[in-house]
Amino acid sequence: MQETGSYTTDKLPKYRLDSFSVNQLYDSHVHWLNTGDLALGLNLNTLRNEDQLKAIELKEEYFRGEWLYGFGWDENKFDLDFELHRATLDRVFPNFPVIFSRADGHSSWLNSLALQRLGMIDFLLLDKGELNPSGILREREHMIGILNLPPLTHSQIVDRLLVAQEIFLSQGFTHIRDMASDQRLWNAARELENQGKLRMHVELNFTCEDRVDFERALLEFKQVQTAKTPHLKPRGIKLYFDGSLGSGTALLGRGPGQGVEGLQLWSHEDLVYVLNKTWAIGAEISIHALGDEAVDRVVRLCRQVSARGLSGILNLEHVQVLRNETIQLMKPLHIRCHLQPCHWLSDRQWLAQRLKDKIVEAFPWERLRLAQVPICFGSDSPIEKADLFQNLEAIALSKDEGIPALSVDPLKFHQYPYQDGCRTISEFASGKLTQIHWG
Ligand SMILES: [Zn+2]
């Protein structure tokens, strides 16, 4: 690395002007396949009203079988009269099932035909007591909807991985950590490696949805665990312990004695089971824990398992709200926290209002650093764009809005932290990538 040692957050705007370089530039939390899928598919990121919905040109690649699939809507961007309801989709798309995933990937918006196909209209009526189900599914129900889509073919997967590779490399990222791997992704990635088309260094984490699905993910992982290739490093298992702030499903404490809000997606018993099985084969566990209560519960459970003599690597994903008492509990664990400063840029408009006095517990890069808990930075692509400068900007700006300032060079947390990566240097000037050197 050159010229980076002396930077602090006060000098951050200089990154836009100066030249600098980063060794082994790392995005520590991405969804590789989804990044390519969104680039080729229907992106709803700028959707604001029904006219725009009507104006969507329906391309063949937007469909999975007969299902129209889109990604990226955010109701915070909608015009006042644009209703987030299945009736809106029914008016525009009455003839085929529609499923649109929210920008945070934790909710989806469906038309009536899609709800019927999933057998969810009655389900919603019964379980929610709603006479007029909205067509919004969250977390597990949302995943049922997504997993019901006809799967991508092998060649579609290969195409998407290659498209995503171009996206990451165009931003200088030569090392990525994938959070949504499975057997099919591995097969496609392996094929690219064999053909000499894989240039990025990729760590793979196999996602599971619940305890039953865990057995499948573990089996798939074990089949490739020792099959490391020059660019592919299978690491372990990934699961979602809670949801997101944007979907209202992050598990947050309301304060001492005030209870909690949000969703816990795994029982303690099931999580302990998964920790034991995963650590027993020497694999890493990566847990999506976004709210302070989620992080606290996960850390306490990991301590219990470790105290019984079995320990392993714990990666905590997002850690967007974190209590100081939890940081103290982290210290004896083999822990690494993966943060995405760019989420702050997207959340800032409602963050203070949502978190109130908990705002000082949000985006805890400086508090984790001071406690010497290892951290890495990433983008959560395609939830946010894989863009180094977005993260640098978030760190620079957030210190004026209640987030404790990072007092060291943030590029340090964008470098691949292990010894087994390929040697690369990404060079930037005037806020843009100029060159990647391959060693
Ligand atoms: Zn993610």
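Where does histidine 318 lie? That is taken up in point 1, and the other spots worth a look follow. Bear in mind throughout that this is a predicted model.

1. **Histidine 318.** This residue lies in strand 15, which covers residues 313-318. Its phi is near 85°, a positive value in a residue other than glycine. Most residues other than glycine have a negative phi, and most peptide bonds are trans. Histidine 318 is also buried, because 26 other C-beta atoms sit within 10 Å and 20 or more is enough to count as buried.

2. **Glutamate 139.** Here is another positive phi to check: about 50°, and glutamate 139 is not a glycine either. The residue belongs to helix 6, residues 139-147. Is glutamate 139 buried or partly exposed? With 19 C-beta neighbours inside 10 Å, it counts as partly exposed, since buried needs 20 or more.

3. **The cis peptide.** Serine 381 and proline 382 are joined by a cis peptide bond, with omega at about 10°. Proline 382 is found in the loop between strand 17 and helix 15. If you rebuild anything around that loop in your head, keep the cis bond between serine 381 and proline 382 in the picture.

4. **Helix 15 and its cover.** Helix 15 runs over residues 388-398, and eight of those eleven residues are buried, so the helix is largely enclosed by the rest of the structure. The buried set is Leu388, Gln390, Asn391, Leu392, Ala394, Ile395, Ala396 and Ser398. What covers them includes helix 13 (342-355) and strand 17 (375-377).

5. **Helix 13 against helix 15.** The axes of these two helices come within 7 Å and cross at roughly 55°. That makes helix 13 oblique to helix 15. On the helix 13 side the contact is made by Cys342, Trp344 and Leu345, and on the helix 15 side by Gln390, Asn391, Glu393, Ala394 and Ser398. By class, the contact has four nonpolar, three polar and one charged residues.

6. **Helix 1 on helix 7.** Helix 1 (residues 32-40) packs on helix 7 at an angle of about 90°, with the axes 7 Å apart. The two helices are therefore roughly perpendicular to each other. Helix 1 contributes Trp32, Leu33, Thr35, Gly36, Asp37, Ala39 and Leu40, which meet Ile157, Arg160, Leu161, Val163, Ala164 and Ile167 of helix 7. Those contact residues divide into nine nonpolar, two polar and two charged.

7. **Helix 7 on helix 8.** Helix 7 (residues 154-170) also packs against helix 8 (residues 183-194), at about 65° and with axes 9 Å apart. The crossing of helix 7 and helix 8 is right-handed. From helix 7 come His154, Ile157, Val158, Leu161 and Leu162, and from helix 8 come Arg184, Leu185, Ala188, Ala189, Glu191 and Leu192. That contact divides into eight nonpolar, one polar and two charged residues. Ile157 and Leu161 are worth clicking on: they appear in the contact with helix 8 and also in the contact with helix 1.

8. **Histidine 29.** What does histidine 29 touch, leaving aside residues up to four places away in sequence? The answer is Arg177, Met179, Glu317, His338, Gln340, Gly378 and Asp380. The residue has its place in strand 2, residues 26-30. Histidine 29 counts as buried because 26 other C-beta atoms lie within 10 Å. Its C-alpha atom is 16 Å from that of glycine 421, which is 392 residues away along the chain.

9. **Alanine 429.** This one sits in strand 18, residues 424-429. Its C-alpha atom and that of tyrosine 15 are separated by 8.3 Å, although the two residues are 414 apart along the chain. Not counting residues up to four places away in sequence, alanine 429 touches Ser19 and Thr434. With 13 C-beta neighbours inside 10 Å, it counts as partly exposed; exposed would need 12 or fewer.

10. **Domains.** The chain is divided into domain 1 (9-35 + 152-438) and domain 2 (66-147). Their C-alpha centres lie 28 Å apart. The contact between them takes eleven residues from domain 1 and eleven residues from domain 2. On the domain 1 side, the touching residues divide into four nonpolar, six polar and one charged.

How values were computed
Residues numbered from 1 in each chain as written. Predicted model: local features only at pLDDT ≥ 70, side-chain atom pairs only at ≥ 80, totals over all residues. Axes fitted to C-alpha atoms, helices over the stretch in contact; angles between N-to-C directions. Helix = DSSP H or I, 4+ residues; strand = E, 2+ residues; numbered from the N terminus. Left-handed = near helix turned anticlockwise from the far one by under 90°. Contact = placed C-beta atoms within 7 Å. Nonpolar A, V, L, I, M, F, W, Y, C, P; charged D, E, K, R; others polar. Parallel < 35°, antiparallel > 145°, perpendicular 65-115°, else oblique. Domains from an automatic or database assignment.
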